Amino acid sequence: MEPPKSSTMKPLSITLFAIVLVVLIACRNKETTKNKNTSTTINNANNALKKNTKDYMNAWSEYDTLLLESITIQKFVRNLNGDNISFSQHQLFNSMHFWHRVMPDLKIVDKEIIVVENRTYVNWVGTGTNTGMFGDIPPTGKVGQIHGFSILTFNDDNKIVHEIAFFDKLNLMEAWGYSLAPPVMN
């Protein structure tokens, strides 16, 4: 036979249950708040990288070296179609100057920006009219469009430190009226 239960046992177990429940809820709320804060931090970082990526594309479109200077580092490296062509902001500005001399109405529009950690992956389209010299080649006055893809790498201050860009220059040249001649075979 069991001994009779005391009348204080029931309120004690209810109190103990209530304490455990409050602790569990408090821990869960703390974890939920922590997850929300982490999520907010990640979203803010992603938004900053997307904004600076859009600013980078706009700087090229608007020929805005001051904007470009504000979102890149001094020793910015730019790789174009596999070749490193810029190792500083100054060389980047020279590239921008070259393309705006060739196509003064150059506009670059981002079609898609994807953020992964400290990089953005950008699908973009550029258009412009060839009204300036392309090196030693005279202008054709024709409009060309170019599709490209860039990978921008950012530092902890959300400044761009490196770009890897790919685009098909041949399609642009063909749109301007040039053609690729077959090789001379001997």
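Where in the chain's secondary structure does Asp55 lie? Asp55 belongs to helix 1, which covers residues 9-62. This is a predicted model, and the tour below starts from that helix, moves through the paired strands and ends in the nonpolar core. Along the way we will stop at the salt bridges, which number four, and at a few backbone angles worth a look on your screen.

**Asp55 and its partner in helix 1**

- Asp55 is a buried residue, with a relative accessible area of 14%; the cut-off for buried is under 20%.
- The side chain of Asp55 forms a salt bridge with the side chain of Lys51, with N to O at 2.6 Å.
- The same two side chains also count as a polar contact, again at 2.6 Å.
- Asp55 and Lys51 are four residues apart in helix 1, so about one helical turn separates them.
- Setting aside residues up to four places away in sequence, Asp55 touches Leu67 and Ile71.

**Salt bridges between elements**

- Lys107 pairs with Glu62 in a salt bridge whose closest N and O atoms are 3.6 Å apart. Because Lys107 lies in strand 3 and Glu62 in helix 1, this pair ties together parts that are 45 residues apart in sequence.
- Lys107 is partly exposed at 38% relative accessible area, while Glu62 counts as exposed at 53%.
- Glu163 and Arg78 meet through their side chains in another salt bridge, at 2.7 Å from N to O. Here the link runs between strand 6 (residues 160-167), home of Glu163, and strand 1 (residues 72-80), home of Arg78, so it ties together parts that are 85 residues apart in sequence.
- Are Glu163 and Arg78 buried or exposed? Glu163 is buried, and Arg78 is buried as well.

**How the strands pair**

- Strand 3 (residues 107-116) and strand 4 (residues 119-129) run antiparallel and are joined by nine bridges. If you are following Lys107 from its salt bridge with Glu62, look across to Thr127, its bridge partner in strand 4.
- Strand 4 also runs antiparallel to strand 5 (residues 143-154), with eleven bridges between them.
- Two places to find this pairing on screen are Asn123, which stands opposite Phe149 in strand 5, and Tyr121, which stands opposite Ile151 in strand 5.
- Strand 5 continues the pattern with strand 6: the two are antiparallel and joined by seven bridges. Gly148 has Phe167 as its bridge partner in strand 6.

**Turns and positive phi angles**

- Most residues other than glycine have a negative phi, so the following residues deserve a closer look.
- Glu117 is not a glycine, yet its phi is positive at about 55°. Glu117 sits in the turn of the hairpin formed by strand 3 and strand 4, which has two residues between the strands.
- Glu117 is also exposed, with a relative accessible area of 73%.
- Asn158 takes a positive phi near 65° in the hairpin of strand 5 and strand 6, where five residues lie between the strands.
- Asn81 has a positive phi near 50° and is likewise not a glycine. You will find Asn81 in the loop between strand 1 and strand 2 (83-86), where it is partly exposed at 34% relative accessible area.

**The nonpolar core and Trp124**

- In soluble globular proteins, nonpolar side chains tend to be buried together.
- Which residues touch the most other members of the largest nonpolar core? They are Tyr56, Trp60, Leu68, Trp99, Trp124, Ile160 and Trp176, out of 31 residues in that core.
- Trp124 is a good one to click on: beyond its neighbours within four places in sequence, its contacts include Met57, Ile108, Val109, Ile146, Phe166 and Phe167.
- Trp124 also contacts polar or charged residues, among them Asp110, Lys111, His147 and Ser150.
- Two of the strand residues met earlier come back here, since Trp124 is in contact with Gly148 and Phe149. Gly148 is the bridge partner of Phe167, and Phe149 stands opposite Asn123.

How values were computed: Residues are numbered from 1 along each chain as its sequence is written. This is a predicted model: local features need pLDDT of at least 70, side-chain atom pairs count only at pLDDT 80 or more; totals for chains, interfaces and linings use all residues. Side-chain values use heavy atoms; hydrogens and water are left out. A nonpolar core is a set of buried Ala, Val, Leu, Ile, Met, Phe, Trp, Tyr and Cys residues joined through side-chain atoms within 4.5 Å. Buried means under 20% relative accessible area, exposed over 50%, partly exposed in between (1.4 Å probe, protein chains only). Contact means heavy atoms within 4.5 Å. A polar contact is a pair of N or O atoms within 3.5 Å; within protein, one must be able to donate a hydrogen and the other to accept it, and residues adjacent in sequence count only if both atoms are side-chain atoms. Two strands pair if DSSP finds at least two bridges between them.
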